[in-house]
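Biologist: Please pick one part of this model and take me through it closely, together with whatever lies around it. I would enjoy an unhurried tour.

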Amino acid sequence: METINYYMRALHRDIGFFIIGLTLIFALSGTVLVYRDIGFLQYETQIERKLSPNLGPSELGNILRIRNFKVIQTKGDTVLFREGSYNSASGVARYTARKFPFPLDKIVALHCVTSKSSANVFVSVYGLLLLFLAISSFWMFKKVSSLFRRGIYIACAGFGFSILLLLIL
């Protein structure tokens, strides 16, 4: 009869092999997103959008989805902001946006999935599989072995490092 250790090791191995591609994608997109503020691997593109006329600054920032949106100046019907301008009479907004090239844009979008996205179940299952891999690693070695004790020490160090990271952020 097989033990729980046998099943946990088998599942850990198979799930690990199954999600290796997703793990590489999320590692790449996470690394790229760390440097998004400096435009790493992004290009600038000019965008022109027809919006409702007479929008207020907060509405305009929300519709354009520009982070830290701030109106710099208003000249007649033209509202100037750091990324571009908006004509409040015609409703036309012209601005510069930074985008990732294809397929990096798709990879980064996966990392930024929200609950309203059709990919939310997919990404949630991936997160649960990663959680299982973390927990199932404690069944890789017999509890009396030196490798198990070593794993416990490394896990404690990882927890400590995580707490330290949260404290300094």
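Modeller: Gladly! In what follows, helices are DSSP runs of H or I with at least four residues, strands are runs of E with at least two, and both are numbered from the N terminus. Please keep in mind that this is a predicted model. Let me take helix H3 as the part to look at, and then move outwards from there.

Which residues of H3 are buried? They are Leu-60, Gly-61 and Leu-64. Looking down the helix axis, you will find these buried residues within an arc of 95°, so they line one face of H3. Turn to the other side of the helix and you meet Ser-58 and Asn-62, which are exposed. What does the buried set pack against? Its partners are four strands: E1, E3, E4 (84-87) and E5 (92-99).

Just after H3 comes Arg-65, with a positive phi near 55°. Arg-65 belongs to the loop between H3 and E2. Is this residue buried or exposed? Its relative accessibility is 76%, and the cut-off for exposed is over 50%, so Arg-65 counts as exposed. For a sense of distance, take Arg-65 and Val-125: they are separated by 60 residues in sequence and by 28 Å in space, C-alpha to C-alpha.

The loop between H3 (57-64) and E2 also holds an aromatic residue that is worth a pause. Across the whole structure, a search turns up four aromatic pairs. One of them joins Tyr-35 and Phe-40 in an edge-to-face arrangement, with 6.1 Å from centre to centre and 70° between the planes. Tyr-35 is partly exposed, at a relative accessible area of 40%, and Phe-40 is likewise partly exposed at 38%. The pair that brings us back to our loop is that of Phe-69 and Phe-81: the ring centres are 4.9 Å apart and the planes stand at 50°, so this pair is tilted. Phe-69 sits in the loop between H3 and E2 while Phe-81 is in strand E3, so the pair links distant parts of the chain, 12 residues apart. Both Phe-69 and Phe-81 are buried.

Now for the sheet to which those strands belong. It is an open sheet of five strands in the order E1-E5-E4-E3-E2, and the pairing is antiparallel. Its edge strands are E1 (43-50) and E2 (71-75), each of which pairs on one side only. On average, and ignoring direction, neighbouring strands of the sheet are turned by 25° against each other.

Walking across it from the E2 edge, E2 and E3 (residues 78-81) run antiparallel and are joined by four bridges. Opposite Lys-75 you will see Thr-78 of E3. Further along, E4 and E5 share three bridges, again antiparallel, and Tyr-86 has Ala-93 of E5 as its bridge partner. E4 and E5 form a hairpin with four residues between the strands, where Gly-91 takes a positive phi near 85°. At the E1 edge, eight bridges hold E1 and E5 together in antiparallel fashion; there, Glu-48 is partnered by Arg-94 in E5.

To round off the tour, here are the other helices. How are H2 and H4 placed? H2 and H4 (residues 104-111) pack at about 90° with their axes 9 Å apart, and are therefore roughly perpendicular to each other. On the H2 side the contact involves Ile-25, Phe-26, Leu-28, Ser-29, Gly-30, Val-32 and Leu-33, and on the H4 side Leu-104, Ile-107, Val-108, Leu-110 and His-111.

H2 (residues 20-34) also crosses H5 (residues 120-136): the axes come within 11 Å at roughly 105°, and these two helices are therefore roughly perpendicular as well. Here Leu-22, Thr-23 and Phe-26 of H2 meet Phe-122, Val-123, Tyr-126 and Leu-130 of H5. Ser-136 is also found in H5, and its relative accessibility of 0% makes Ser-136 buried. Leaving aside residues up to four places away in sequence, Ser-136 touches Met-8 and His-12.

Conventions: Residues are numbered from 1 along each chain as its sequence is written. This is a predicted model: local features need pLDDT of at least 70, side-chain atom pairs count only at pLDDT 80 or more; totals for chains, interfaces and linings use all residues. Side-chain values use heavy atoms; hydrogens and water are left out. Two strands pair if DSSP finds at least two bridges between them. Axes are lines fitted to C-alpha atoms, for helices over the stretch in contact, and angles run from 0 to 180 degrees between N-to-C directions. Rings of Phe, Tyr and Trp (its six-membered ring) pair if their centres lie within 6.5 Å; planes under 30 degrees apart count as stacked, over 60 as edge-to-face and the rest as tilted. Buried means under 20% relative accessible area, exposed over 50%, partly exposed in between (1.4 Å probe, protein chains only). The arc is that of the directions from the helix axis to the C-beta atoms. Contact means heavy atoms within 4.5 Å. Angles under 35 degrees count as roughly parallel, over 145 as roughly antiparallel, 65 to 115 as roughly perpendicular and the rest as oblique.
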